[in-house]
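The exercises below concern one protein chain. Work each task from the structure before reading its solution.

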Amino acid sequence: MLEKLPGTPHPWLSLKSLSIKVGSMLCRCRSPNKYKRLDAKLERKMVEAKKGSSGHHNFKSIDSIIMEFPQLRDGLKNIRAVFEQYDEDSSGTIDRDELNKCLQKLQLHLMEEEVEDLFHSCDIDGSEGIQFNEFIVLLCLIYLLKGPSSSHTTSRLGSPQLEVTFDTIIEVFLFLDKNGDGKLNKSDMVKAFNDPSPREKSPSHIARTRFKEMDWDKNGKVSFREFLFAFINWVGIDTDEEVPHTGT
């Protein structure tokens, strides 16, 4: 289980170092309470999505998720052109003014409070600028919060592939969220790692370790926002596919 695809990094190898780094940033830069409002909205959206799925999932196991990595990687890389378009000063980050221009151009009408919540929750290093990985998370959060049916988010982004990519990421979260409460816990991870072969159980400490790597604020729960940052790193959008990972 969890064998890596040829030419791709093992999905879990780099999560620990990332989680330590980002977790330290989150604790140092701002209080977790500042995320509560946004994370509560995300939880409600994920609960609604879980109910709407009626128990049907495209994913049956962790391995089936890994098989989607090449397509997910391609879809996420396509966002870079959008990022570079609105990074007007080519600084490698998008500041508030550039973000507002981006949202206006994409006709994503958000309240000022919503924009501030999204900016702060995605600016994980407190640099007052949104980097590429953070921009992916921000767009996915907007996609989930606004919904394509009500705001035509996909057509405004001009990318049907992006809709498919974000929907797939949401489905991964729903697969992991076994109790359907809109957030992940250790029990969810253990169950997900044992699907679809409960008779051939993976050691529970593996799933618990993976969970710990995503639980940056160490509160025993992983929000969709926390999951997104970890999952993007898991997929490996900045990885050269021609160079296999040599880690063990």
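**Exercise 1. Surroundings of Lys 221**

Task: Find which residues Lys 221 is in contact with, leaving aside its neighbours within four places in sequence. Then place Lys 221 in the fold and state its exposure.

Solution.
1. The contacts of Lys 221, with neighbours within four places left aside, are Lys 183, Leu 184, Phe 211, Asp 215 and Glu 226. The model is a predicted one.
2. Lys 221 belongs to the loop between helix H13 (204-214) and H14.
3. The relative accessibility of Lys 221 is 36%, so Lys 221 counts as partly exposed; the class runs between the limits of 20% and 50%.
4. Lys 221 and Gly 182 are 39 residues apart along the chain, and their C-alpha atoms are separated by 10.0 Å.

**Exercise 2. Overall composition**

Task: Describe the secondary structure of the protein chain, its buried fraction and the share of its contacts that join residues 24 or more positions apart.

Solution.
1. The protein chain contains 14 helices and 0 strands.
2. Read from the N terminus, the order of elements is α-α-α-α-α-α-α-α-α-α-α-α-α-α.
3. The chain has 248 residues, of which 48% count as buried.
4. Take the contacts with a separation of 6 or more: residues 24 or more positions apart account for 69% of them.

**Exercise 3. Annotated spans**

Task: State which residues UniProt lists for "domain: EF-hand", and give the end-to-end C-alpha distance and helix content of residues 74-109 and of residues 110-145.

Solution.
1. The UniProt record, an unreviewed entry, lists residues 74-109, 110-145, 164-199 and 202-237 under "domain: EF-hand".
2. For residues 74-109, the end C-alpha atoms lie 27 Å apart, and the span is 61% helix and 0% strand.
3. For residues 110-145, the end C-alpha atoms lie 10 Å apart, with 69% helix and 0% strand in the span.

**Exercise 4. Cysteines**

Task: Count the disulfides, and explain why Cys 122 has no bonding partner.

Solution.
1. A disulfide is a covalent bond between the sulfur atoms of two cysteines. The cut-off applied is a pair of cysteine sulfur atoms within 2.5 Å.
2. The closest cysteine sulfur to that of Cys 122 is in Cys 140, at 9.8 Å, which is too far for a bond.
3. Seen from Cys 140, the closest cysteine sulfur is in Cys 122, again 9.8 Å away and too far for a bond.
4. The count is therefore 0 disulfides.
5. Cys 122 is buried, with a relative accessible area of 0%. Cys 140 is buried as well, at 1%.

**Exercise 5. Helix H7 and its cover**

Task: List the buried residues of helix H7 (residues 112-122) and name elements that cover them.

Solution.
1. The buried residues of H7 are Val 115, Asp 117, Leu 118, Phe 119, Ser 121 and Cys 122.
2. Their cover includes helix H2 (36-53), helix H6 (96-105), H8 and H14.

**Exercise 6. Packing against H14**

Task: Characterise the packing of H14 with H8 and with H11.

Solution.
1. Helix H8 (residues 132-146) and helix H14 (residues 224-235) pack at an angle of about 135°, and their axes are 10 Å apart.
2. H8 and H14 are therefore oblique to each other, because the angle falls between the 115 and 145 degree limits.
3. The H8 and H14 crossing is right-handed.
4. From H8, Asn 133, Glu 134, Ile 136, Val 137, Cys 140, Leu 141 and Leu 144 make the contact; from H14, Phe 224, Arg 225, Leu 228, Phe 229 and Ile 232 do so.
5. The axes of H11 and H14 come within 11 Å and cross at roughly 115°. This crossing of H11 and H14 is right-handed.
6. Ile 169, Ile 170, Val 172, Phe 173 and Leu 176 in H11 meet Phe 224, Phe 227, Leu 228 and Phe 231 in H14.

**Exercise 7. Two residues of H11**

Task: Is Thr 165 buried or exposed? Establish the contacts of Thr 165 and of Gln 161.

Solution.
1. Thr 165 is in helix H11 and counts as buried, at 4% relative accessibility.
2. Not counting residues up to four places away in sequence, Thr 165 touches Leu 72, Gly 75 and Leu 76.
3. Gln 161 is found in helix H11 (residues 160-176) and is partly exposed, with a relative accessible area of 37%.
4. Leaving aside neighbours within four places in sequence, Gln 161 is in contact with Asp 74, Gly 75 and Asn 78.
5. Gln 161 and Gln 71 are 90 residues apart in sequence and 9.7 Å apart in space, C-alpha to C-alpha.

Terms used. Residues numbered from 1 in each chain as written. Predicted model: local features only at pLDDT ≥ 70, side-chain atom pairs only at ≥ 80, totals over all residues. Heavy atoms only, no water. Buried < 20%, exposed > 50% of the residue type's maximum accessible area, 1.4 Å probe, protein only. UniProt positions renumbered as here; feature names shortened; annotations may be inferred. Helix = DSSP H or I, 4+ residues; strand = E, 2+ residues; numbered from the N terminus. Axes fitted to C-alpha atoms, helices over the stretch in contact; angles between N-to-C directions. Parallel < 35°, antiparallel > 145°, perpendicular 65-115°, else oblique. Left-handed = near helix turned anticlockwise from the far one by under 90°. Contact = heavy atoms within 4.5 Å.
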